[in-house]
Amino acid sequence: MTIQMIIDGGADLPETMIEKHNLKVVPLNIHFGEEQYKTGETIDLSTFYTKLKEAEELPTSSSPSPYDFYEKYKQVDPHYPILVLALTQGLSSTYDSAVMGKDMLLEEEPDRKIAVLNTKTASCGIALLVHEAAQKIGENLPFEEIVQHMEKKIEQTTTLFILKTLENVIKGGRLDKVKGTIAKTLNIKLLMKATEDEGSIDVTEKVRGDKKSLRRFVEQIGEYAHHFEDKVIAMSHSNDEERGRSVLESIKNKYRFKDSIFTETGPLISTYAGEGGLVIAFFKD
């Protein structure tokens, strides 16, 4: 049985992975003032970064409409069940749009099989879940079992972030200018985590200095997991591949993960993370 996986523009995956698993992607909308773009369709990453540097204000984002999802669902062979791994509800209404699109589809075709899951993560966290789902699909498990398995894996997903610069969080009003200026002067780096209940982003630690904060970023992994032989680590970097690969190497030297996924953050995460921001995701014990 073939299961069609669908993700959205809040997920960051290597292109090879999208092709390998034949994923369908529903883009998010990015707005630079009056200009609107669809992630991955009408704006590529290099153009996005150029515009980001030139813009006085940060771009805003909006979720796809229910109809965007409905249209994507209609492209799938009616005999194939659909598994939607949607961007965390804690950051966006994308999940709600995906559910409304599902209701529109089922109104027309009540026999269609479709499950929409709130991943409670973003970026490479969704890549990790796609990798897991693909393995279960490969084992030819019944669709309902795969959905139940993925619901459990979502609860085990740990997503950690580190910011190299506070420029974008200050610009975006997520850190007021006074606090931001003090933090920049003191070379404070923010460590953040996706919350387990809602999947929103919380600051967990403030660490002084780049090396110290990266060391702490790597150290944290051992607080959530102890057995790595059967685990995969996923990482995405915000326009700084060298930094990303270097930190991933440190992680792999310290913890013996079975495999790794490495990718770049798309416009949504890059807007808030700023250059040099990193995201990692793995399953806790």
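These legends walk through several close-up views of one predicted model.

**View 1. Lys74 and Glu109 meet in a salt bridge.**
Let's start with a charged pair: the side chains of Lys74 and Glu109 come together at 2.8 Å, N to O. Lys74 sits in helix α3 (residues 66-74) and Glu109 in the loop between α4 (94-108) and β7 (114-118), so this pair ties together parts that are 35 residues apart in sequence. Lys74 has a relative accessibility of 37% and therefore counts as partly exposed. Glu109, at 21%, also counts as partly exposed, because that category starts where buried ends, at 20%. Across the model, the count comes to 16 salt bridges.

**View 2. A network of salt bridges links Lys74, Glu108, Glu109 and Arg112.**
Here the pair from the previous view appears with its partners: Lys74 and Glu109 belong to a network of salt bridges together with Glu108 and Arg112. Arg112 is found in the loop between α4 and β7. Is Arg112 buried or exposed? With a relative accessibility of 7%, Arg112 counts as buried. Leaving aside neighbours within four places in sequence, Arg112 is in contact with Tyr73, Val76, Asp77, Pro78, Ile82, Leu105 and Leu106. For a sense of scale, look across to Asp44: its C-alpha atom is separated from that of Arg112 by 34 Å, and the two residues are 68 residues apart along the chain.

**View 3. Arg243 forms a salt bridge with Asp210.**
The closest N and O atoms of Arg243 and Asp210 are 3.0 Å apart. Arg243 lies in helix α11 (residues 241-254) and Asp210 in helix α9, so the pair ties together parts that are 33 residues apart in sequence. Arg243 is buried, with a relative accessible area of 9%, whereas Asp210 is partly exposed at 26%.

**View 4. Lys136 pairs with Glu139.**
In this salt bridge, the side chains of Lys136 and Glu139 meet at 3.4 Å, N to O. Lys136 counts as buried at 16% relative accessibility, while Glu139 is partly exposed, with a relative accessible area of 46%. As a general note, side chains of opposite charge can pair when their charged atoms come close.

**View 5. Arg208, Lys211, Lys212 and Arg215 form a positive surface patch.**
Which helix gives the most to the positive patch? That is helix α9 (residues 210-219), with three residues. Lys212, one of the patch members, lies in helix α9.

**View 6. Asn22 and Asn140 each have a positive phi.**
Most residues other than glycine have a negative phi, so these two asparagines deserve a closer look. Asn22 has a positive phi of about 50° and lies in the loop between α1 (15-20) and β2 (24-26). At 53% relative accessibility, Asn22 counts as exposed. For Asn140, the positive phi is about 60°. Asn140 is placed in the loop between α5 (124-138) and α6 (143-156), and at 59% relative accessibility Asn140 counts as exposed.

**View 7. Thr39 is a buried loop residue.**
You will find Thr39 in the loop between β4 (35-38) and α2 (45-54). Its relative accessibility is 8%, which means that Thr39 counts as buried. What does Thr39 touch, not counting residues up to four places away in sequence? The residues are Gly9, Pro27, Leu28, Ile30 and Pro267. Gly101 is 62 residues from Thr39 along the chain, and the C-alpha atoms of the two are separated by 19 Å.

**View 8. Ile18 is buried in helix α1.**
The last close-up turns to helix α1, where Ile18 is placed. At 17% relative accessibility, Ile18 counts as buried, because the limit for buried is under 20%. Once neighbours within four places in sequence are left aside, Ile18 is in contact with Leu13, Leu23 and Val25. Met5 and Ile18 are 13 residues apart in sequence, and in space 9.9 Å apart, C-alpha to C-alpha.

Terms used. Residues numbered from 1 in each chain as written. Predicted model: local features only at pLDDT ≥ 70, side-chain atom pairs only at ≥ 80, totals over all residues. Heavy atoms only, no water. Patch = residues over 30% accessible without salt bridge, like charges linked within 9 Å, V, L, I, M, F, W, Y side chains within 5 Å. Areas by Shrake-Rupley, 256 points an atom, 1.4 Å probe, with all protein chains shown as cover. Salt bridge = Lys/Arg side-chain N within 4 Å of Asp/Glu carboxyl O. Lys, Arg positive; Asp, Glu negative; His and termini not counted. Charge placed at Lys NZ, Arg CZ, Asp CG, Glu CD. Helix = DSSP H or I, 4+ residues; strand = E, 2+ residues; numbered from the N terminus. Buried < 20%, exposed > 50% of the residue type's maximum accessible area, 1.4 Å probe, protein only. Contact = heavy atoms within 4.5 Å.
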